[in-house]
Protein chains: 2
Amino acid sequence: MSTPPVVDCSIQRTLDLIGDRWTLLIVRDLFRGVRRFSRIQEDLGIAKNLLTDRLAALVDADIVEKVPYQDRPVRYEYRLTERGRDLSPALVALMRWGDRYVSGGLAPTELVHDDCGTRLELQPWCTTCNVPVAPTDISSRPGPGRLSETEAARD
Amino acid sequence: MSTPPVVDCSIQRTLDLIGDRWTLLIVRDLFRGVRRFSRIQEDLGIAKNLLTDRLAALVDADIVEKVPYQDRPVRYEYRLTERGRDLSPALVALMRWGDRYVSGGLAPTELVHDDCGTRLELQPWCTTCNVPVAPTDISSRPGPGRLSETEAARD
DNA sequence: TGGGGTTGGTTGAAAATCGAAACCGACTCC
DNA sequence: GGAGTCGGTTTCGATTTTCAACCAACCCCA
């Protein structure tokens, strides 16, 4: 009873759900249209029991839903829910970072806006000033969901 | 010799570096100004040998640098490099997702643009059309860093 | 001089987790 | 009726993580 049951940080809460070595890769595959157990398994090279566990956890967290795609025999595929699709910005951000710093600036895949073909960057973008916001121009303050112990952090 | 040594996806390459259960939490602490070994250790509750390993890996990946903050005895603290600071969009994206879906819409901490105080959202934002881009309005295409086997994926 | 405290670790053993492979049930197609 | 596919479960050895103890270097204080 020494540690509080709920941690007061949305990053940590999120990583508690999806922050292991496989889960985000599974979500990435679902974004790419790889939706079947066996396809994901061979694409990632993940052990089948782990894939079973991770998919069950994702379904449990309502990030993924299991839908039958045929009867006789019943076979299932996995699809992102709205929550799951909303992980898109996080995946895009990780991808852009990797493009820049691990892939040497040469993106294996680039993302574009359907409507106009603009290549998507993903920086925090201030919709008031209409400029990209650098990490050093970001402040944090306690929000409405803060549990207790007011505390502001600043880099 | 059966699997290629390099994988052709910036998301996977990134997660290979920072995609374990602790690393992004360490980076988050560094963003918040928690920079000393013992402070990080007590803040996260991570085992000390693991923290040693993870910090060494981060330094090795040039995401973090170890700088002495005193002599006699020499004591070190850990600071984000530019690469490390550029993980900011990814952390912001994970945090916003957590705010919405794990913290019930009530952010424990909110991020604001220094210059104008606007609360930052983080969606892919098309700088040409000047609109937020929904996951379903994003296409992908092979980029200049693609290794081989042309292949386009679409959700 | 000597004891206690702080920081940034290392070491070793137990516990939890992972990975590889074998197996399985329901159904297909041939 | 034999082989194949799909979506798993079971088993078990290997790896990783956790927990606790220990440690070296230096400080402060008397």
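Begin by selecting A90(B): leaving out residues up to four places away in sequence, its contacts are A90(A), A93(A), L94(A) and W97(A), where two residues count as in contact if their C-beta atoms, placed from the backbone, lie within 7 Å. The model is predicted, and local features need pLDDT of at least 70, side-chain atom pairs count only at pLDDT 80 or more, while totals for chains, interfaces and linings use all residues. Residues are numbered from 1 along each chain as its sequence is written, and chains are lettered from A and ligands numbered from 1 in the order in which they are written.

**The core and the contact between chains A and B**

Keep A90(B) selected and add L91(B), L94(B), A90(A), L91(A) and L94(A), which are the residues with the most contacts inside the largest nonpolar core, a set of 62 residues. Such a core is a set of buried Ala, Val, Leu, Ile, Met, Phe, Trp, Tyr and Cys residues joined through C-beta atoms within 7 Å; a residue is buried if 20 or more other C-beta atoms lie within 10 Å of its own, exposed if 12 or fewer, and partly exposed in between, with C-beta atoms placed from the backbone. In soluble globular proteins, nonpolar side chains tend to be buried together.

Next, select the whole contact between the two chains, to which chain A and chain B each give 73 residues. On the side of chain B that touches chain A, the elements giving two or more residues include α1 (10-18), α2 (23-31), α6 (88-101) and β3 (109-113) of chain B; helices (H or I, at least four residues) and strands (E, at least two) are DSSP runs, numbered from the N terminus. Colour α6(B) separately, since this helix supplies 12 residues, the largest share of that side. By class, that side of chain B holds 37 nonpolar, 18 polar and 18 charged residues, with Ala, Val, Leu, Ile, Met, Phe, Trp, Tyr, Cys and Pro counted as nonpolar, Asp, Glu, Lys and Arg as charged, and the others, Gly among them, as polar.

Now show strand β3 (residues 109-113) of chain A beside β6(B): the two pair in the antiparallel sense over five bridges, pairing being assigned if DSSP finds at least two bridges between two strands. Within this pair, E110(A) has R141(B) of β6(B) as its bridge partner.

To see how the copies are related, superpose chain B on chain A, which takes a rotation of 180° with 0.0 Å of shift along its axis and gives an RMSD of 0.1 Å; the fit is by least squares on the C-alpha atoms of residues with pLDDT of at least 70 in both. The two copies are thus related as by a two-fold rotation axis. The same surface serves both copies, with 100% of the contact residues of chain B recurring in chain A.

**The DNA strands**

Select DNA strand C and the 17 residues that surround it, of which the closest are A47(A), P73(A), R36(B), T52(B) and R75(B); a residue is near a strand if its C-beta atom, placed from the backbone, lies within 6 Å of it. The elements that give two or more residues to this surface are α4 (48-60) of chain A, together with α3 (37-44), α4 (48-60) and β2 (75-80) of chain B. The surface near DNA strand C has six nonpolar, four polar and seven charged residues.

Move to DNA strand D, which has 17 residues around it, with S38(A), N49(A), T52(A), R72(B) and P73(B) coming nearest. Here α3 (37-44), α4 and β2 (75-80) of chain A, together with α4 of chain B, give two or more residues each.

**The hairpin and its loop**

In chain B, show β1 (residues 64-70) and β2(B), which pair in the antiparallel sense over six bridges, P68(B) having Y76(B) as its bridge partner in β2(B). This hairpin has four residues between the strands, and R72(B) takes a positive phi near 45° there.

Switch to chain A and select R72(A), in the loop between β1 and β2, where this residue has a positive phi of about 45° although it is not a glycine. With 5 C-beta neighbours inside 10 Å, R72(A) counts as exposed. The peptide bond from R72(A) to P73(A) is cis, with omega near -10°. Most residues other than glycine have a negative phi, and most peptide bonds are trans.

**Two last stops in chain A**

Select D62(A), in the loop between α4 and β1 of chain A; D62(A) also has a positive phi, of about 60°, although it is not a glycine, and is exposed, with 12 other C-beta atoms within 10 Å.

Finish at V34(A), in the loop between α2 (23-31) and α3 of chain A, which counts as partly exposed with 18 C-beta neighbours inside 10 Å. Leaving aside neighbours within four places in sequence, V34(A) is in contact with D29(A), R39(A), I40(A) and D43(A).
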